[in-house]
Amino acid sequence: MPIRFHEQSRTFHLFNDQISCLMKVLPGGQLGQLYCGKVLHDRPDFDHLFECRPRPMLVCYFEEDEAYSLEHCKQEYPTYGVGDMHLPALDARTPAGSRLLDLRYQGYAILPGKPPLQGLPATYVEEDGEADTLRIDLADPDAGVQVSLYYTVFRDFAAIARHAEIGYAGPGTLELDCAMSLCLDLPDADYEMIELTGAWARERHVVRRPLAEGVQGVYSLRGCSSHHFNPFLALVRPECREQTGEALGFSLVYSGNFAARADVDPYHVTRVTLGIHPQHFCWPLAAGETFVTPEAVLVYSDAGLNGMSQTFHRLYRTRLARGYWRDRVRPILLNNWEATYFAFTQEKLLNLAGQARQLGVELFVLDDGWFANRNSDRGGLGDWEIDREKLPGGLAGFGQALNEIGMQFGLWMEPEMVSDDSRLWAEHPDWVLGLPGRRPHPGRHQYLLDMGNPAVVEYLYRRLESLLDGVPVTYIKWDMNRSISDAWSRSTEAARQGTVLHRYILGVYALYDRLTKRFPQILFESCASGGARFDPGMLFYAPQCWTSDDTDAVERLSIQYGTSMVYPISSMGAHVSAVPNHQLNRVTPLATRAAVALFGTFGYELDLTKLPEAEKQAIREQITFAKAWRQVVQFGTFWRLQSPFDGGDTAWMAVAPDGSSALVGVYRVLQQVNAGFRRVRLAGLDPVRLYRVTGPDGAVSRHYGDELMQVGLVTSDGSCGENKTGEGDFTAWLYQLEAEKA
Ligand code: DGJ
């Protein structure tokens, strides 16, 4: 992956066989942006792409040059106050009170591979040959501010990973108020913006709108990446669709407050900025100190939204997620939450687990409620003492009992929280976030530990280590059930309170880091009231995430479709739950619930002991089916075919890496009468191979890949005439494709 520096024109060209990024040292020394997108032939200069011209009202840089103004130079890391009039990438205040920073080029280095980001999650390489990294150093020597911009270009992905490091040489302290991870100035605004938007139980719905002059974007100020917005946006050409057209995806590898914005100026230049939200952020830097921003990942696709998503999926599944479970198929689990909530005994749990085992489930997850004083969500958090009434043999005894029936043991916890009646709070009031003398604000009757305080992280690590030691736990669900408020740390001096929210997240990462190193074979699943922390930062530690508290099959179509814009299928927790559904009261067929959950890390979350024999048998068959297909679903290529947001049937598919098999899911929410004929055009198949297609009713037909992709799979059903099949609303159809041996 070449990184070229053309000395004469002072131009940097990063490229692989899919993506190019061009930057140039501008006449004033600032770092300019010339191009970012599909790969271009290299040449010694691209100076013609640098455009500046005199315009009224410009703030010029040189007395004798009326064209050169930072307002119109497309820049890589702009500041405010020296000519540029847009939202800056960097904003900092010197001890003299000045924010007038002028960052000028100092030099560069090309590093083999990709250096890690200290204390922060980031994409990585397994050997240096997979990537090269360019570091460009900028500085405002008068202000003592140094900025190093890092760009990694990967060999195998149409992606560039970026972050910035801001250093200070003194005197006194620099107050860093804004340090974006990525800034990209694009020369036009002929884009539509895609964001993932929602709320609790309806996370990551796809919203698309044309760019317009002004600032548009998404953000979180909830202390977590949030249900409401995701640290992602895409700019796509108006003609871009799932299979065709150009898209640029921007994703932030971070789990806290963020801002992702597209700022379109009246000359139709679009500035994208992505990074930690500047609100409530202020990081003082003393002489010699450096601040490292989270990583941002930019993906380019000329193969539509699927092309963009597939690059994110492969990169995040193989070079962001790590550890023992990264490449292993995930166990099929039963979680007791919707089966029992807090009301369980060991006997009840073992009955459930025994029943699940008989049907083929591999892992039993004991959710919330196993610790003392936890019969509702009003108490018990922080002390992590086992409730001996519920689990007389403790976790070890319960785990052993599970193992005896052939079931693995998974455990829920919520380490970052504390209840007000806990011993922990009584003994360490200074470990709870909030202003002294003022009661912090409750959320789900619980309060936040100051995760930025290393003593808190140390306590939690020791407590959890001793809880887990000797217990045969193979899975942990790490939950987080409230937004952050009262972000005041009693272990932090007044001048550093602007660091609290970011240090909270660094503390979460530090605890994850220690626990995953101490228990490397435990599969971690992150969770935050469902999907409030479904973000790339979490994937670095936990290769799966509980996608949403909404387990209704119809709602899950939108949630999983939207989540797949960025996140791999192997990361999406998806469970079959009871009907009437606990969130919506909707009644959907068991087969449909399974057909949706199959496109995720599959499991169940209902009281299996209450089901009639016929449903148990159906579940036994679903589990056999899931085991047969999970390798393809979790590690194959996922294609979105028809969107639930378009009003018709939803369709998606997963194709084995070698194209030899594929599983297609087609879903209809409301049945229609006497509808048109239907076909679903498939994708990702080998055009010249003959596929044996087994339909939902077991009927077999054979078709070449090109026909299935060009003409489509004929899915017309009873709704095209009289409905004799008995299929009603909320129906799903699964098609299994196996390539015939050549
Ligand atoms: C929220 C999670 O999303 C649920 O799955 C469950 O674990 C509850 N918390 C438990 O309190």
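Analyst: Buried means under 20% relative accessible area, exposed over 50%, and partly exposed in between (1.4 Å probe, protein chains only). Helices (H or I, at least four residues) and strands (E, at least two) are DSSP runs numbered from the N terminus. The model is predicted, so local features need pLDDT of at least 70 and side-chain atom pairs count only at pLDDT 80 or more, while totals for chains, interfaces and linings use all residues. Residues are numbered from 1 along each chain as its sequence is written, and side-chain values use heavy atoms, without hydrogens and water.

User: Thanks! How many of the eight residues of helix α10 are buried?

Analyst: Helix α10 spans residues 590-597. Its buried residues are Leu590, Thr592, Arg593, Ala594, Ala595, Val596 and Ala597. The helix is largely enclosed by the rest of the structure, because the buried residues number seven of the eight.

User: Which residue forms the cis peptide bond with Pro580?

Analyst: Pro580 sits in the loop between β29 (572-577) and α10. Omega of the cis bond is near -10 degrees, and the residue on the other side of the bond is Val579.

User: What is omega for the bond joining Gly170 and Pro171?

Analyst: Pro171 belongs to the loop between β9 (159-168) and β10 (173-186). Its peptide bond with Gly170 is cis, with omega of about 10 degrees.

User: On to the ligand: how much of its accessible area does the protein cover?

Analyst: Among the 13 residues around it (a heavy atom within 4 Å), Asp367, Asp368, Lys477, Asp479 and Asp549 come nearest. A polar side-chain atom of Asp367 is 2.6 Å from a ligand oxygen, a side-chain N or O atom of Asp479 is 2.7 Å from a ligand nitrogen, and a polar side-chain atom of Trp546 is 3.4 Å from a ligand oxygen. On its own the ligand has 290 Å² of accessible area (Shrake-Rupley, 1.4 Å probe), and the share covered by the protein is 98%.

User: Which residues have the most contacts inside the largest nonpolar core?

Analyst: A nonpolar core is a set of buried Ala, Val, Leu, Ile, Met, Phe, Trp, Tyr and Cys residues joined through side-chain atoms within 4.5 Å. Apart from the core of 203 residues lies another, of 21 residues, including Ala651 and Leu737. In the largest core, the residues with the most contacts are Tyr77 and Trp370.

User: Is His72 buried or exposed?

Analyst: His72 is in the loop between β4 (31-38) and β5 (90-93). Beyond neighbours within four places in sequence, its contacts (heavy atoms within 4.5 Å) are Glu51, Cys52, Arg55, Leu58 and Tyr267. Because its relative accessible area is 10%, His72 is buried.

User: Which elements cover the buried residues of helix α4?

Analyst: Helix α4 covers residues 394-404, and its buried residues are Gly394, Leu395, Phe398, Gly399, Ala401 and Leu402. Just after the helix, Gly406 has a positive phi of about 85 degrees. The cover over the buried residues includes α3, β22 (363-366), β23 (408-413) and α6 (454-468).

User: What is the relative accessible area of Tyr341?

Analyst: Tyr341 is in the loop between α2 (337-340) and α3 (346-359). Although not a glycine, Tyr341 has a positive phi of about 50 degrees. Tyr341 counts as partly exposed, because its relative accessible area is 30%.

User: And where is Arg444 found?

Analyst: Phi of Arg444 is positive, near 50 degrees, in a residue other than glycine. Arg444 is partly exposed, at 27% relative accessibility. Its place is the loop between α5 (423-427) and β25 (447-448).

User: What distance separates the C-alpha atoms of Gln310 and Trp639?

Analyst: Gln310 lies in helix α1 (residues 304-319) and counts as buried at 16% relative accessibility. Not counting residues up to four places away in sequence, Gln310 touches Thr637, Phe638 and Trp639. Gln310 and Trp639 are 329 residues apart along the chain, and their C-alpha atoms are separated by 8.0 Å.

User: Last one: which residue has its backbone oxygen 2.6 Å from a polar side-chain atom of Thr563?

Analyst: Thr563 is in helix α9 (residues 553-563) and is buried, at 0% relative accessibility. Leaving out residues up to four places away in sequence, Thr563 touches Arg204, Phe534, Thr547 and Met572. The backbone oxygen 2.6 Å from its polar side-chain atom belongs to Ile559.

Conventions:
Polar contact = N/O pair within 3.5 Å; in protein donor to acceptor, adjacent residues only side chain to side chain.
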